[in-house]
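This report goes through the pocket, the cavity and several strands of one protein chain. The sequence and the structure are shown first.

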Amino acid sequence: MSLASLFHRLTRPGAARPGLVTVALAAGALALSTTSAAAAPALTQISADPYTNSTSQHATEVEPDTFSYGSTIVSAFQVGRFTDGGSSNVGFSTSTDGGATWTRGFLPGITTQAGGTFQRVSDPSVAYDAKHNAWLISTIPITSSVSVPEVFTSRSTDGGLTWSNPVVTATGSSLDKNWIVCDNTATSAFYGNCYTEYDNNGDGDRIKMTTSSDGGLTWGASKNTGNNATGLGGQPVVQPNGTVVVPIANASETAIRAFRSTNGGSSWSSTTTVATVSSFTVGGGLRSGPLPSAEIDASGKVYVVWQDCRFRASGGSCTSNDIVLATTTNGTTWSSVTRIPIDATSSTVDHFIPGLAVDPATSGSTAHLALTYYYHPVAGCTASTCQLDVGYVSSTNGGSTWTAPTQLAGPMSHSWLASTTQGTMVGDYISTSFSGSTAHPVFAVAGAPSGSVFNEAMYTPASGLAAAAGTVSATTATARDNLFSARLAAIAYAQWLANGGTEGGEDSP
């Protein structure tokens, strides 16, 4: 695949970003084989697609986000994926006991499947507003003509167990890649502010931010960054002093950038570059891109991961992706890129679609990190030969050293996954959250379809996953690695400009 394809194959007429498995079940948990150093934990299925409309693919669930606060964990995901964008509804699954049990359901008032007027919905993102005791799920509704005119927010005031009809958060012409976060530090001057990031694909993926100060009931006017930047896939986080930091991919996905607000969303800074991006094209036509996953520790240190191949250059090209990490304490000055050492750089393993968690009770050199990701054991596989797995690693020293990987799920064939116009799909992002001292990832697991009906649903480990120090050291990119990455990014950007210089939003027409 060409370098143009590398960064532009997501032409995005599919849902933004972002069945029942036919294998042996015991006591509600799914036992899976593993070839990694640690034994795979049992999994619990936390949702299934109940819809039967003929316009989307059943039974499919993809693209989960999660958020935790205290012992409550709320996850949200697409249900009934359309090939050309969005889903029949957004599902939720909530645990109020630290992941021991889960209550599942589907958001009301958005799509025609649940009392709404829109044909489709996409891009679920979860937040909690401690000041107003409100759980929030941000979504993007989609019309039957695959027009994306609004961003919605659904609210729950009973711990994520029931949800209101949505309120309008923002309006536009072709909106994409929303993400929501709230300021939950009681000493912050902006305690109780919630922030939603999205981009306007109809305006070249112009980055937009909007703020609520009443628990998500109403939202202010959308604002641009200080340099009117474009981009997609932003994941805002809030520091204890109230500063909002937003890591985001640029519109061509050739760099990770960031911007911030120090005044409660009244204004937003210009973007600065975190790092250029080199990304190996994932085999078998799986839908995947180098979008960031961002988290924050108790001190306000921000951690950002993405898939990147700079450490695996061979003969002037990439051979597979690692998951890499960069950090900041102020949102403007970033660390060098480090490689999370899941496998040796000489391995054939390709790693992608990361979901990072940081334990909010830890910080700095003792911060606990948990990373869930998808991978192919053999990077150079095809649609018929690729075997898709889910992996997990952790660190208890801020990412200095990491554990050996644990295989959480797989192998899965690509033919078992929902199809989209950008390839087969588990999600443009996945998510992991800490509750107490254990990590709780949520991800799509698929089994063989039954006829035309898929078997792709949401799963989580039956018990939380512990974080451990590990013994394998992270490595920092050398000048050669960074130069290689910059050259690939420059080539891809030039080809992007030659192709028209526009990035189609994932839910754009």
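## Terms and model

In what follows, Ala, Val, Leu, Ile, Met, Phe, Trp, Tyr, Cys and Pro count as nonpolar, Asp, Glu, Lys and Arg count as charged, and the others, Gly among them, count as polar. The model is predicted.

## Largest pocket

The volume of the largest pocket is about 830 Å³. It is lined by 39 residues, and those closest to its centre are Phe67, Ser68, Glu295, Ile296 and Pro360. Sorted by class, the lining holds 20 nonpolar, 14 polar and five charged residues.

Several strands contribute at least two residues each to this lining: E4 (61–69), E12 (175–182), E15 (237–238), E19 (293–296), E25 (350–358) and E32 (431–435). Three of these strands, E12, E19 and E25, return below in connection with strand pairing.

## Largest cavity

The largest cavity encloses about 50 Å³ of space. Its lining consists of Gln235, Gly289, Leu291, Pro292, Ser293, Ile353, Pro354, Asp428 and Tyr429. By class, five of the lining residues are nonpolar, three are polar and one is charged.

Ser293 of this lining also takes part in strand pairing, with Val305 in E20 as its bridge partner.

## Sheet with E19 at an edge

Five strands make up an open sheet in the order E19-E20-E23-E24-E37, and their pairing is antiparallel. E19 and E37 (475–476) each have a single partner strand and stand at the edges, so one side of each has no neighbour in the sheet.

E19 and E20 (residues 302–308) run antiparallel and are joined by four bridges. Within this pair, Ser293 is matched with Val305 of E20.

## Strands E12, E13 and E14

E12 pairs with E13 in the antiparallel sense over six bridges, and in that pair Trp179 stands opposite Glu197 of E13. E13 (residues 194–200) in turn pairs with E14, again in the antiparallel sense, over seven bridges. Here Cys194 lies opposite Ser212 in E14. The two strands E13 and E14 form a hairpin with five residues between them, and Gly204 in the turn has a positive phi of about 70°.

Which residues of E13 point one way, and which the other? Cys194, Thr196, Tyr198 and Asn200 point one way from the strand, while Tyr195, Glu197 and Asp199 point the other way. In a regular strand the side chains alternate between the two faces of the sheet. The residues on both sides of E13 are all buried, and the strand is mostly covered, with seven of its seven residues buried. In E14 (residues 206–212), six of the seven residues are buried, so the strand is largely enclosed by the rest of the structure.

## Sheet from E25 to E29

A second open sheet has four strands in the order E25-E26-E27-E29, with antiparallel pairing. E25 and E29 (406–413) are its edge strands, each pairing on one side only. From one strand to the next, the twist averages 15°.

Inside this sheet, seven bridges join E26 and E27 in the antiparallel sense. Leu369 has Ser395 in E27 as its bridge partner.

## Val378 and Ala466

Is Val378 buried, partly exposed or exposed? Val378 has a relative accessibility of 47% and counts as partly exposed, because the class of exposed residues begins over 50%. Val378 sits in the loop between E26 (369–376) and E27 (387–395). Its C-alpha atom is separated by 6.7 Å from that of Asp350, although the two residues are 28 residues apart along the chain.

Ala466 is part of strand E35 (residues 465–466). With a relative accessibility of 53%, Ala466 counts as exposed. Leaving out residues up to four places away in sequence, Ala466 touches Tyr392 and Ser394. The C-alpha atoms of Ala466 and Ser394 are separated by 8.0 Å, and the two residues are 72 residues apart along the chain.

Note on methods:
Residues numbered from 1 in each chain as written. Predicted model: local features only at pLDDT ≥ 70, side-chain atom pairs only at ≥ 80, totals over all residues. Heavy atoms only, no water. 1 Å grid on protein atoms, 1.4 Å probe; cavity = no way out; pocket = protein on both sides within 12 Å on 5 of 7 lines; lining within 4 Å. Points joined across faces, edges and corners; volume = space filled by probe spheres on them. Pairing = 2+ DSSP bridges. Buried < 20%, exposed > 50% of the residue type's maximum accessible area, 1.4 Å probe, protein only. Axes fitted to C-alpha atoms, helices over the stretch in contact; angles between N-to-C directions. Contact = heavy atoms within 4.5 Å.
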